Amino acid sequence: MNETTVCVVGNVATQPVYREAPTGASARFRLAVTSRYWDREKNEWVDGHTNFFTVWAKKSLATNVGASVSVGDPVLVQGRLKVRTETRDGQSWTSADVEATAIGHDLSRGTSAFRRPPKGDAGPVSPSRPEPSWDTPSPASVVAASQQRSEPVGVT
């Protein structure tokens, strides 16, 4: 089967709507994608046209979206592109949906803390342990720690 797979980078435009159904969880939100280009005449970056996509997530991805994604978050969305055309009140409407296979925060624009949900848990994710300290130790503390180590015992 031929499908159009896309990777879209943008900002979450609406609060994700999470729903539990007999077939499994689902979530949806609107994603705003604005192109930027360098205008040589103005000598500055200029925002181009903004495209909006409705992003759909299912099952565990939907649960994690509901717990992790908020309005304004910069995200990357990978999935199958679905373009729909329908007529409402005599007008033709075209919309672009993305059936997401993966969604993540755009780490080029901020930080994020990944937490794996507990096995068998379908609820929102909560931190299970504190964040580790990523500070580089001072040279004095490294020397002190190396002097306190005991010699390894030889094994025969």
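1. In what order do the elements of the chain run from the N terminus on? The order is β-β-β-β-α-β-β-α. That gives two helices and six strands. Helices (H or I, at least four residues) and strands (E, at least two) are DSSP runs, numbered from the N terminus.

2. A word on the basis. This is a predicted model, where local features need pLDDT of at least 70 and side-chain atom pairs count only at pLDDT 80 or more, while totals for chains, interfaces and linings use all residues. Residues are numbered from 1 along each chain as its sequence is written, and side-chain values use heavy atoms, with hydrogens and water left out.

3. The chain has 156 residues, and 22% of them are buried (under 20% relative accessible area, 1.4 Å probe, protein chains only). Contacts (heavy atoms within 4.5 Å) often link distant parts of the sequence: of those with a separation of 6 or more, 54% join residues 24 or more positions apart.

4. Look at Asp106. Asp106 sits in the loop between β6 (91-105) and α2 (139-148). Why is Asp106 called buried? Because its relative accessibility is 10%. Leaving out residues up to four places away in sequence, Asp106 touches Val9, Pro74, Val75 and Leu76.

5. Now the largest pocket (an open set of points on a 1 Å grid over the protein atoms alone, with protein on both sides within 12 Å along at least five of seven lines; lining residues have an atom within 4 Å of a point). Its volume, the space filled by probe spheres set on the points, is about 400 Å³. Of its 16 lining residues, Ser68, Ile103, His105, Ser112 and Phe114 are the closest to the centre. α1 (59-68) gives the most, four residues.

Terms used
Buried means under 20% relative accessible area, exposed over 50%, partly exposed in between (1.4 Å probe, protein chains only). On a 1 Å grid over the protein atoms alone, a cavity is a set of points where a 1.4 Å probe fits but cannot get out, and a pocket is an open set with protein on both sides within 12 Å along at least five of seven lines; lining residues have an atom within 4 Å of a point.
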